[in-house]
Amino acid sequence: MRALVFTGNEQAEVRELPDPTPGPDEVLLAMRASGLCGSDMHDYRAPPERLQARPVPVVPGHEPSGVVAEVGTGVSNVEVGDRVSVYHWQGCGMCERCRGGYAQWCPHATAYSIHHPGAHADLMVVKARDCLPLPDDLTYATGAYIACGVGTGWSALRKLDPGPEDTLAVFGLGPIGLAAIALAAPMGCRIIGVGRRAARVEAARKVGVDEIIDIDQCDDVPAALADFTAGGPTLAYETSGAASAHQWLMASLARAGKAVFVAPNPEPTISIPPAIGKELVLMGSFVMPVQEFWPLTRFLIRHAVPIDELVSHRFPLDQGPEAYRVFDSSECAKVIIEWPDR
Ligand SMILES: [Zn+2]
Ligand SMILES: [Zn+2]
């Protein structure tokens with residue numbers, strides 16, 4: 001099979017690797033769509049020494065979507081031909097966190113693309129229990145995007161629980177911020193996107209943003225937010241990781257407002273006192289717990305959420321290195337690697 005691998009310092013190449021075979025309780029997927037996600041960029045930008053220090057060369061890609069091509073012994077939840085998305089964290093399956101639906105918090109958690117080969121390949125072996133049934137109403141591209149970006153966007157948005165009375169400010173218009181806008185639009189709130197880059201602004205407009213603050217054209221973001229709202233946004237959704245965005249958020253959020261932070265910044269970025277006087281609720285959010293996959297897919301179908309409209313670039317696997325160059329430039333919305341549906 002062909003697989004994309006990172007060779008270090010923002011270089012990638014497509015190599016021929018042996019076809020994998022599924023063991024007991026495992027499934028072989030023929031990939032149909034594989035998304036690029038912001039967290040892939042850590043490895044993409046890593047020096048070659050760090051990549052070579054890995055115990056096994058790992059194929060990147062943690063947004064897999066494909067069709068079941070072969071099943072190992074003991075597999076009963078999927079059959080050859082089933083369309084699936086894949087939950088990209090694996091837990092032990094036995095501990096309290098795993099049994100509560102939080103494999104990503106398992107002390108023994110591992111992930112596809114980090115510890116196991118990922119989805120930028122013609123074929124991928126996954127645990128049968130990580131296969132999530134992709135409804136016929138959703139495309140493979142959506143199946144890939146929901147495996148991380150849209151799923152992360154959804155579980156963070158549920159913490160804010162927007163309603164028609166709310167104004168939601170989304171900081172950062174990358175794949176997660178754009179997904180949050182698409183998901184929030186049918187919830188009836190007013191949405192202000194704070195970001196830059198023409199391709200991302202255009203994508204935000206396609207999926208229902210009400211106002212855009214282009215940070216390259218605006219020298220006072222909190223004042224611009226105040227202009228669009230009475231007393232500041234009631235909800236804030238932070239996906240940029242930028243210290244400036246964290247500060248704008250704290251300065252502009254309305255009294256008793258709620259904020260969720262999805263993107264980290266390694267430095268201290270905010271001062272807590274404003275949260276006391278304004279009684280703000282500040283939350284963090286990690287990847288989607290697996291059980292949210294079902295409500296998310298029902299929501300996407302019921303509201304015909306135009307997730308595919310957010311895919312600005314589609315590449316065949318052979319052009320995977322170019323896909324990463326485009327994604328690295330940020331002059332794009334969502335980027336996916338795609339296979340013809342044979
Ligand atoms: Zn566990
Ligand atoms: Zn991701």
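**Strand pairing, domain contacts and loop residues in a predicted two-domain model**

Ala-236 stands opposite Ala-259 in strand β14, a pairing that belongs to the four bridges by which strand β13 (residues 235–238) is joined to β14 in the parallel sense. In this predicted model, both faces of strand β14 (residues 258–261) are covered, since Lys-258 and Val-260 on one side are buried, as are Ala-259 and Phe-261 on the other. In a regular strand the side chains alternate between the two faces of the sheet.

Strands β13 and β14 are part of an open sheet of six strands, whose order is β12-β11-β10-β13-β14-β15 and whose pairing is parallel. The edges of the sheet are formed by β12 (211–214) and β15 (281–284), each of which has a single partner strand, so that one side of each is left without a neighbour in the sheet. From one strand to the next, the twist averages 15 degrees. Elsewhere in the sheet, strand β10 (residues 167–171) runs parallel to strand β11 (residues 190–195) and is joined to it by five bridges, with Ala-169 placed opposite Ile-192 of β11. Helix α8 (residues 221–228) packs on the sheet, where it touches β10, β11 and β12, and its direction makes about 165 degrees with that of β12.

The protein is divided into domain 1 (2–148 + 288–338) and domain 2 (151–284), and the C-alpha centres of the two domains lie 27 Å apart. Contact between the domains involves 21 residues of domain 1 and 17 residues of domain 2. The largest nonpolar core has 102 residues, and those with the most contacts inside it are Leu-178, Ala-180, Ile-181, Ala-182 and Tyr-237. The element that gives the most to this core is helix α6 (residues 175–184), which supplies eight residues. Because domain 1 and domain 2 both give residues to the core, it lies between them. In soluble globular proteins, nonpolar side chains tend to be buried together. Apart from its neighbours within four places in sequence, Ala-180 is in contact with Gly-153, Ala-156, Leu-157, Val-170, Tyr-237 and Thr-239.

A further packing arrangement is centred on helix α12 (residues 320–329), in which Gly-320, Ala-323, Tyr-324 and Phe-327 are buried. These four residues cover an arc of only 95 degrees around the axis, which puts them on the same side of α12. The elements against which the buried residues of α12 pack are the strands β1 (2–6), β2 (12–16), β16 (311–315) and β17 (334–338), together with helix α1 (40–44). Just after α12, Ser-330 takes a positive phi of about 65 degrees.

Positive phi values are also found in the loop between β1 and β2, where both Asn-9 and Glu-10 are located. For Asn-9, phi is near 55 degrees, a positive value in a residue other than glycine, whereas phi of Glu-10, likewise a residue other than glycine, is near 65 degrees. With 11 other C-beta atoms within 10 Å, Asn-9 is exposed, while Glu-10, which has 14 C-beta neighbours inside 10 Å, counts as partly exposed.

Antiparallel pairing is seen between strand β3 (residues 26–35) and strand β4 (residues 64–71), which are joined by seven bridges, and within this pair Ala-33 has Ser-65 of β4 as its bridge partner. Strand β4 also pairs in the antiparallel sense with strand β5 (residues 83–86), over three bridges, and here the bridge partner of Gly-66 is Val-84 in β5.

The loop between β6 (89–90) and α3 (96–99) contains Cys-92, which is partly exposed, with 14 other C-beta atoms within 10 Å. Leaving aside neighbours within four places in sequence, the contacts of Cys-92 are with Cys-98, Cys-106 and His-108. Although Cys-92 and Thr-110 are 18 residues apart along the chain, their C-alpha atoms are separated by 9.0 Å.

Technical notes. Residues numbered from 1 in each chain as written. Chains lettered and ligands numbered in written order. Predicted model: local features only at pLDDT ≥ 70, side-chain atom pairs only at ≥ 80, totals over all residues. Pairing = 2+ DSSP bridges. Axes fitted to C-alpha atoms, helices over the stretch in contact; angles between N-to-C directions. Contact = placed C-beta atoms within 7 Å. Buried ≥ 20, exposed ≤ 12 C-beta atoms within 10 Å, placed from the backbone. Arc of directions from axis to C-beta. Core = buried A, V, L, I, M, F, W, Y, C linked by C-beta atoms within 7 Å. Domains from an automatic or database assignment.
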